[in-house]
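Here is a walk through one protein chain, from its strand pairings out to a few individual residues. Keep the view open as you read.

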Amino acid sequence: MVNQATALIAWLNTILTTYQEPVPDTATLPYISLGFEQPRNSEPVIQQLTIWTRSENSYAQAYEYATAIETALGETGRVIDGVNCKLWIKKGSPFVQNRNDDERTIRAVLVNLEISYYYD
């Protein structure tokens, strides 16, 4: 499980700093957080990410990061290599949606990825 989580986080870090929950107190916005889900070999699972940003009145920055993930995946997804594993990452459904937050300046969106894990 560590190898798969490490590979996913390393890939997401190319787009935006990513933390596995719980997020450290030292983290500063914007960032991605996730709780890691691991299925059996080659069985797809929905992995939910939260993209956290700060804005007084707009989700635009959060959606820009979601669009960057969508662009990186393309229409057929992307296969990434990890240590002794491969991950096939595709857009989940729904791909992105607003997340309501109690703090008025936090703007977060939920992103769903469908991931199949393969072990070497």
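How many residues does the hairpin that joins β5 to β6 run through? Six residues make up that link. Before going further, bear in mind that this is a predicted model.

**The overall picture**

The protein chain contains two helices and six strands. Going along the sequence, you meet them in the pattern α-β-β-β-α-β-β-β. The radius of gyration is 14 Å, which agrees with the value near 14 Å that a compact globule of 120 residues would have. Along its principal axes, the C-alpha trace spans about 45 × 30 × 20 Å.

Of the 120 residues, 42% count as buried. As for the contacts with a separation of 6 or more, 60% of them come from residues 24 or more positions apart. The accessible surface comes to about 6700 Å², and carbon and sulfur atoms account for 47% of that. On the charge side, there are 9 positive and 14 negative side chains, with the centres of the two sets lying 3 Å apart.

**How the strands pair up**

Back to the strands, then. The pairings below are listed with their bridges and a facing pair of residues for each.

| Strands | Sense | Bridges | Facing residues |
|---|---|---|---|
| β2 and β3 | antiparallel | four bridges | Ser-33 and Thr-50 |
| β3 and β6 | antiparallel | ten bridges | Ile-46 and Glu-114 |
| β4 and β5 | antiparallel | five bridges | Val-79 and Trp-88 |
| β5 and β6 | antiparallel | eleven bridges | Asn-98 and Val-109 |

Follow the pairings through and you can trace a path: β2 pairs with β3, β3 is joined to β6, β6 pairs with β5, and β5 pairs with β4. In sequence terms, β4 covers residues 78-82 and β5 covers residues 85-99, while β6 takes up residues 106-119.

β3 deserves a second look. Seven of its ten residues are buried, so this strand is largely enclosed by the rest of the structure. β3 has pairing partners in β2 and in β6.

**Turns and odd backbone spots**

The hairpin formed by β4 and β5 has two residues between the strands. Asn-84 sits in that turn, and its phi is positive, at about 60°, although it is not a glycine. Most residues other than glycine have a negative phi, and most peptide bonds are trans.

Which peptide bonds are cis, then? One runs from Glu-21 to Pro-22, with omega near 5°. Another joins Leu-29 and Pro-30, where omega is about 0°. Pro-22 is in the loop between β1 and β2, and Pro-30 lies in that loop too.

**Three residues up close**

Is Gln-4 buried or exposed? With a relative accessible area of 3%, Gln-4 is buried, since buried means under 20%. Gln-4 belongs to helix α1, which covers residues 2-13. Setting aside neighbours within four places in sequence, Gln-4 is in contact with Phe-36, Gln-38, Cys-85, Leu-87, Tyr-117 and Tyr-119. Of these partners, Cys-85 and Leu-87 fall within the residue range of β5, and Tyr-117 falls within that of β6.

Val-23 takes us back to the loop between β1 (18-20) and β2 (31-34). With a relative accessible area of 24%, Val-23 is partly exposed. Not counting residues up to four places away in sequence, Val-23 touches Tyr-31 and Ser-33. Val-23 and Leu-34 are eleven residues apart along the chain, and their C-alpha atoms are separated by 8.8 Å.

Gly-35 lies in the next stretch, the loop between β2 and β3 (45-54). At 32% relative accessibility, Gly-35 counts as partly exposed. What does Gly-35 contact, leaving aside its neighbours within four places in sequence? The partners are Glu-21 and Gln-47. Gly-35 and Glu-21 are 14 residues apart in sequence, yet 5.4 Å apart in space, C-alpha to C-alpha. Glu-21 is also the residue that starts the cis peptide bond to Pro-22.

Terms used: Residues are numbered from 1 along each chain as its sequence is written. This is a predicted model: local features need pLDDT of at least 70, side-chain atom pairs count only at pLDDT 80 or more; totals for chains, interfaces and linings use all residues. Side-chain values use heavy atoms; hydrogens and water are left out. The radius of gyration is taken over C-alpha atoms; the globule rule is 2.2 Å times the number of residues to the power 0.38. Buried means under 20% relative accessible area, exposed over 50%, partly exposed in between (1.4 Å probe, protein chains only). Contact means heavy atoms within 4.5 Å. Accessible areas come from the Shrake-Rupley method with a 1.4 Å probe; for residues, only the protein chains shown count as cover. Lys and Arg count as positive and Asp and Glu as negative; His and the chain ends are not counted. The place of a charge is taken as NZ of Lys, CZ of Arg, CG of Asp or CD of Glu. Two strands pair if DSSP finds at least two bridges between them.
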